[in-house]
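Please look over the structure shown below before reading on. The briefing that follows groups its points by topic, with the cut-offs given where each term comes in.

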Amino acid sequence: MKRIVLLIAMISLSLFMIGCKGEGYVIREVVEETQQTDSKKDMEDRDQVFDSDIEDNMMKQIDYKYQQELNIIDDNYRNYYEIFLYSFYDSDGDGIGDIQGLISKLDYINDGDPTTDTDLGFNGIWLMPIMPSTTYHKYDVTDYYSIDSDYGTLDDFKELIKECDKRGIKLIIDLVFNHTSSKHPWFKEAVSYLEGLGEDQEPDPKECPYVEYYNFDKDKKGATGYHKAGRSDWYYECIFWDGMPDLDLDNDEVRGEIEKIAKFWLDTGVDGFRLDAVKEFFTGQKDKNTEVLKWFTEYVRSVKADVYVVGEAWDSKDIISAYYSSGTTSFFNFPLAMHNGEIVKAVRKLGSSTASSFANSLIHIYDLYKSSNSDYIDAPFISNHDTTRVSAQCVNNEEMMKMSAGVLLTLDGSPFVYYGEEIGMNSYGDKDENKRLPMNWSNTDTRGMTRKPSNADIVEQKFPAVDEQLEDSLSILNYYKRAVRIRNENPEIARGETSLIEELIDSNILALRKNYNSSEITIIYNINNEDAKVSLSDPGLTDINIRGYLSVDGREVTLEDNVLEMPKYSIVVLK
Ligand code: CA
């Protein structure tokens with residue numbers, strides 16, 4: 001079995017390396033062939049081990065004896081699930097996911113019943129843009145006060161909010177105000193006004209206020225990021241794409257419009273916003289961006305005191321720290337995310353990364369953010385709709401994928417999990433559409449399945465669909481469920497003041513203390529593919545018990561005579 005695993009790992013690694021060169025067509029064929037071989041081997045393996053292993057696994061599921069009572073606090077520390085509605089669940093058969101589809105699947109995310117363990121247990125949802133737009137991704141908004149007809153109606157959305165409330169789920173939506181769509185009425189009116197001007201005539205905002213909503217200029221500033229405005233003599237700033245003209249966020253009328261929009265959605269019942277592209281508000285001008293964030297955060301807090309705002313500042317820890325001085329609650333912790341971020345680097349031991357270096361990075365980052373905003377809530381994640389998925393980051397190594405998820409879901413703050421990560425869905429290459437593929441609910445039941453975004457490739461999936469994984473106690477899905485559960489049992493995980501237990505930390509072992517409301521827990525990680533023994537006597541952790549554990553292969557973490565026996569890639573919470 002080990003040899004097979006090694007072989008698969010080597011094939012996967014070489015595929016990954018070829019994949020990096022972008023020979024898409026060839027790869028897909030090879031992947032298909034390899035996966036057929038894999039699944040045949042898997043079936044043979046399964047036949048052989050059915051009597052022993054499968055029964056063992058079922059026993060282990062029953063054997064988990066550390067289930068604690070849920071202790072969920074109704075605040076802004078949440079476990080968020082990021083959803084791209086387009087690819088989630090289709091309720092009306094047009095092949096596009098929609099709000100009613102999500103409502104019908106809410107029980108999968110959280111059924112609101114603490115006595116069941118059939119749901120994932122997430123208590124926050126981030127919806128990618130839902131407003132009318134010209135694209136499948138909907139980051140170019142044409143109307144800020146409505147729902148895209150692909151997704152449903154405002155009434156559907158209000159129903160979704162009600163259903164989320166029932167389940168204790170906070171709902172936040174993507175708010176995109178760095179730019180609008182070039183098809184937004186503001187931009188269309190501005191361009192048609194400019195087209196009507198004579199050669200030497202200056203635009204008059206009294207005649208058309210919208211000419212000051214955007215950054216129009218007679219000169220094309222720089223090689224990229226500016227585009228000709230229709231048939232006029234003017235250019236406009238568009239940092240991402242000519243279909244998305246940048247708004248001038250220094251303009252008071254623009255700010256007034258954004259306040260009206262934010263208030264509209266808060267009044268509709270959303271709990272907060274994910275702010276898109278904050279570092280492009282004024283590209284390259286950190287201080288001006290911070291001022292915009294401060295203005296927005298203060299405004300939405302004046303409407304709803306406990307509003308949650310999380311900003312997308314795709315940047316280094318120092319820049320993110322600077323943005324925290326705006327008072328904005330959260331920023332996505334990009335330094336921890338992606339294939340070259342601290343989490344996956346630590347789990348895969350890439351470069352010189354060890355459990356010890358990861359521990360020090362974490363504390364350094366937390367100190368840095370806290371120095372800017374003592375009330376900050378970290379927003380760690382590994383993947384989102386713009387990045388490769390965890391499967392690709394860990395080259396389909398299931399144990400490393402689980403361990404990465406276990407680390408993410410035991411970190412400070414409000415972790416974000418992208419839909420489909422809980423079943424190890426795959427992404428492929430750099431193309432965005434391949435990172436936003438249909439949620440794989442079932443391979444036998446096509447109900448609710450969406451069609452892939454039109455530019456997406458057929459990406460082979462290494463791991464089974466939701467329905468199959470729900471039945472397998474050792475699946476990635478059941479690992480996520482246990483991890484979220486442990487988080488929901490121990491409020492110290494999200495909220496505790498974190499410190500290192502230096503005596504236990506080495507290149508494989510990470511050990512943290514977390515203190516919250518005079519309650520202390522200890523979390524110990526064996527970030528290694530070999531089992532470990534950890535003596536708790538040295539740091540004086542003698543009066544302590546296991547609260548719960550996560551292991552990648554179903555084996556138990558045990559504690560006897562102050563010595564922890566930790567299977568490879570396991571995590572234990574003690575108190
Ligand atoms: Ca639909």
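## Briefing

Helix α14 gives the largest share of the lining of the second largest pocket, namely seven residues. Helices and strands are named here as DSSP runs numbered from the N terminus, a helix being H or I over at least four residues and a strand E over at least two. This is a predicted model, in which local features need pLDDT of at least 70 and side-chain atom pairs count only at pLDDT 80 or more, while totals for chains, interfaces and linings use all residues. Residues are numbered from 1 along each chain as its sequence is written, and side-chain values use heavy atoms, with hydrogens and water left out.

**Pockets and cavities**

- The second largest pocket holds about 1,000 Å³ of space, and the elements that give two or more residues to its lining are α2 (24–63), α13 (466–471), α14 and β15 (546–550).
- Its lining is made of 47 residues, of which Asp117, Asp119, Leu120, Lys481 and Arg485 lie nearest the centre of the pocket.
- On a 1 Å grid over the protein atoms alone, a pocket is an open set of points with protein on both sides within 12 Å along at least five of seven lines, a cavity is a set of points where a 1.4 Å probe fits but cannot get out, and lining residues have an atom within 4 Å of a point.
- Two cavities of 30 Å³ or more are present in the structure, and the largest cavity has a volume of about 80 Å³, where grid points are joined across faces, edges and corners and a volume is the space filled by probe spheres set on the points.
- The lining of the largest cavity includes Asn71, Tyr77, Asn123, Arg487 and Arg495, and α14 (476–489) and α15 (492–495) each supply at least two residues of that lining.

**Calcium site**

- The calcium ion is coordinated at 2.2 to 2.4 Å by Asp90, Asp92, Asp94 and Asp98 through OD atoms and by Ile96 through O.
- Donors are N, O and S atoms within 2.8 Å of the metal (3.2 Å for Na, K and Ca), and sites may look incomplete because water is not among the atoms.
- Along the sequence, the spacing of the donor residues of the calcium ion is D-x1-D-x1-D-x1-I-x1-D.
- Two of the donor residues, Asp90 at 8% relative accessible area and Ile96 at 7%, are buried, where buried means under 20%, exposed over 50% and partly exposed in between (1.4 Å probe, protein chains only).

**Salt bridges**

- The structure holds 37 salt bridges, each being a side-chain nitrogen of Lys or Arg within 4 Å of a carboxyl oxygen of Asp or Glu.
- The side chains of Glu291 and Arg255 form one of them, at 2.7 Å from N to O; Glu291 belongs to helix α7 (residues 286–303) and Arg255 to helix α6, so this pair ties together parts that are 36 residues apart in sequence.
- Within that pair, Glu291 is partly exposed, with a relative accessible area of 37%, whereas Arg255 is buried, with 12%.
- Lys279 and Asp315 also meet through their side chains in a salt bridge, at 4.0 Å from N to O; Lys279 is partly exposed at 26% relative accessible area, and Asp315 is likewise partly exposed at 26%.
- Arg389 forms a salt bridge with Glu421, with the closest N and O atoms 3.8 Å apart; Arg389 lies in the loop between α10 (355–372) and α11 (390–393) and Glu421 in the loop between β10 (416–418) and α13, so the pair ties together parts that are 32 residues apart in sequence.
- Both partners are buried, Arg389 with a relative accessible area of 0% and Glu421 with 3%.
- Asp107, Glu163, Lys166 and Arg167 are joined into one network by salt bridges that share partners.

**Surface patch**

- Ile239, Phe240 and Trp241 form a nonpolar patch on the surface, together offering about 280 Å² of accessible area, a quantity that comes from the Shrake-Rupley method with a 1.4 Å probe and, for residues, with only the protein chains shown counted as cover.
- Patches are made of residues with over 30% relative accessible area and no salt bridge, like charges being joined within 9 Å and nonpolar side chains (Val, Leu, Ile, Met, Phe, Trp, Tyr) within 5 Å.
- Ile239 lies in the loop between β6 (235–237) and α6 (252–268) and is partly exposed, with a relative accessible area of 32%.
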